[in-house]
Amino acid sequence: MDKIAVLIPCYNEEKTIEKVVSDAKQALPEAVIYVYDNNSKDRTVELARKAGAVIRYERKQGKGNVIRRMFREIDALCYIMIDGDDTYPLEYAREMADKVLLENSDMVVGDRLSSTYYQENKRPFHNMGNSLVKSSINLLFNSEIQDIMTGYRAFSYQFVKSFPVLSKGFEIETEMSIHAVYNNMQVDNVIVNYRDRPEGSESKLNTYSDGIRVLGTILKMFRQYKPLAYFTLLAVFLTVLSAVFFVPVLWEFWETGMVDKFPTLIVCGFVELAAIQSIFAGLILHNLGVKERRDFEMQLNNIRERFERIR
């Protein structure tokens, strides 16, 4: 087992990867640096190997697929994950690692948004998207994570081996954050400086398509992790919709004693039945979620025992 493993997912980062690996070796001399190549078509692998990194591969395209491979293959006391684009200074890696190794943090978030991100990043929709995602998750899950989409994080062995990677692309960071918050793991923030990509280096993140996928992931995970709240909101919406169409029918009945819009009345009844079913669905899924939480705590105990054996 490595003491510290630096994990760098890469796709076409020949402009910066050599510097990132060298900076990592300087900041964390005891660490093993792993570069996971995701079908790069440039000299990324050659330059990373030259800088002293251990090269491994993931053929399925997408950052989520790369992280799944890394988390399965690497055993370490502490994991530092960083992008290969040289946008995050490695000088903060020691502080982040110490929070895992000495303070029992499960996930340490490299918080760009509280420092230089909005000044350095030249893509205004990225700025707006980061703020929207941060506000949405902190509101829905009652958390205080300061940067949901950052690619600069530290993890404990317990987090890595208990995290079910479901996403395939850049929405993986959102999934990590929600997993940690929902399961009551210790999450710390470390403010880090951010610098924009150097000239000639291009982001793989598509503002619109990846942004839509991230928002879809938030909605999906809100339904999965907070089913009672989700289905209660759905029931309220259906009840309001039913009432909007029912009130004119009721008013007409009071005025004339007749119901001319009988089909509307029937539809309103079915919509309200759907609202009641939604409440019961939320209650059932909530109780199943409580059981899953108990099972997860037992899983953490098993992971801890395995960790102690192989340490």
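## The long view of H11

How far apart are the end C-alpha atoms of H11, and what span should its 49 residues give at 1.5 Å a residue? The expected span is 72 Å and the end C-alpha atoms sit 70 Å apart, so the two values agree. Keep in mind that this is a predicted model.

H11 covers residues 262–310. Its buried residues are Cys 268, Val 271, Ala 275, Ser 278, Gly 282, Gly 289, Phe 296, Leu 300, Ile 303 and Phe 307. If you're wondering about the spacing in that list, an α-helix has 3.6 residues a turn, so residues three or four places apart point the same way. As for partners, the buried residues of H11 pack against strand E4 (76–81) and three helices: H7 (157–162), H8 and H10.

## The overall frame

Zooming out, the protein has 11 helices and 7 strands. Its C-alpha trace spans about 85 × 45 × 35 Å along the principal axes.

There are 311 residues, and 47% of them count as buried. Take the contacts between residues at least 6 apart in sequence: 75% of these join residues at least 24 apart.

## The second largest pocket

Now for a place you might want to look into. The second largest pocket comes in at about 570 Å³. It has 24 lining residues, and the closest to its centre are Tyr 182, Gln 224, Tyr 225, Gly 289 and Glu 292. Gly 289 also turns up among the buried residues of H11.

Which helices each supply at least two residues of this lining? They are H8 (172–182), H9 (207–225), H10 (227–256) and H11. The largest share, 9 residues, comes from H11. Sorted by class, the lining has 13 nonpolar residues, 7 polar and 4 charged.

## A glutamate tucked into a loop

One more spot to pull up in your viewer is Glu 58, in the loop between strand E3 (54–57) and helix H3 (63–73). Is this residue buried or exposed? Glu 58 counts as buried, because its relative accessibility is 4% and the cut-off for buried is under 20%.

What does the side chain of Glu 58 pair with? A polar contact of 2.7 Å joins it to the side chain of Arg 69. Setting aside neighbours within four places in sequence, Glu 58 is in contact with Asp 37, Asn 38 and Asn 39, as well as with Asn 65, Val 66 and Arg 69.

Methods
Residues are numbered from 1 along each chain as its sequence is written. This is a predicted model: local features need pLDDT of at least 70, side-chain atom pairs count only at pLDDT 80 or more; totals for chains, interfaces and linings use all residues. Side-chain values use heavy atoms; hydrogens and water are left out. On a 1 Å grid over the protein atoms alone, a cavity is a set of points where a 1.4 Å probe fits but cannot get out, and a pocket is an open set with protein on both sides within 12 Å along at least five of seven lines; lining residues have an atom within 4 Å of a point. Grid points are joined across faces, edges and corners, and a volume is the space filled by probe spheres set on the points. Helices (H or I, at least four residues) and strands (E, at least two) are DSSP runs, numbered from the N terminus. Ala, Val, Leu, Ile, Met, Phe, Trp, Tyr, Cys and Pro count as nonpolar, Asp, Glu, Lys and Arg as charged, and the others, Gly among them, as polar. The expected span of a helix is 1.5 Å times one less than its number of residues. Buried means under 20% relative accessible area, exposed over 50%, partly exposed in between (1.4 Å probe, protein chains only). Contact means heavy atoms within 4.5 Å. A polar contact is a pair of N or O atoms within 3.5 Å; within protein, one must be able to donate a hydrogen and the other to accept it, and residues adjacent in sequence count only if both atoms are side-chain atoms.
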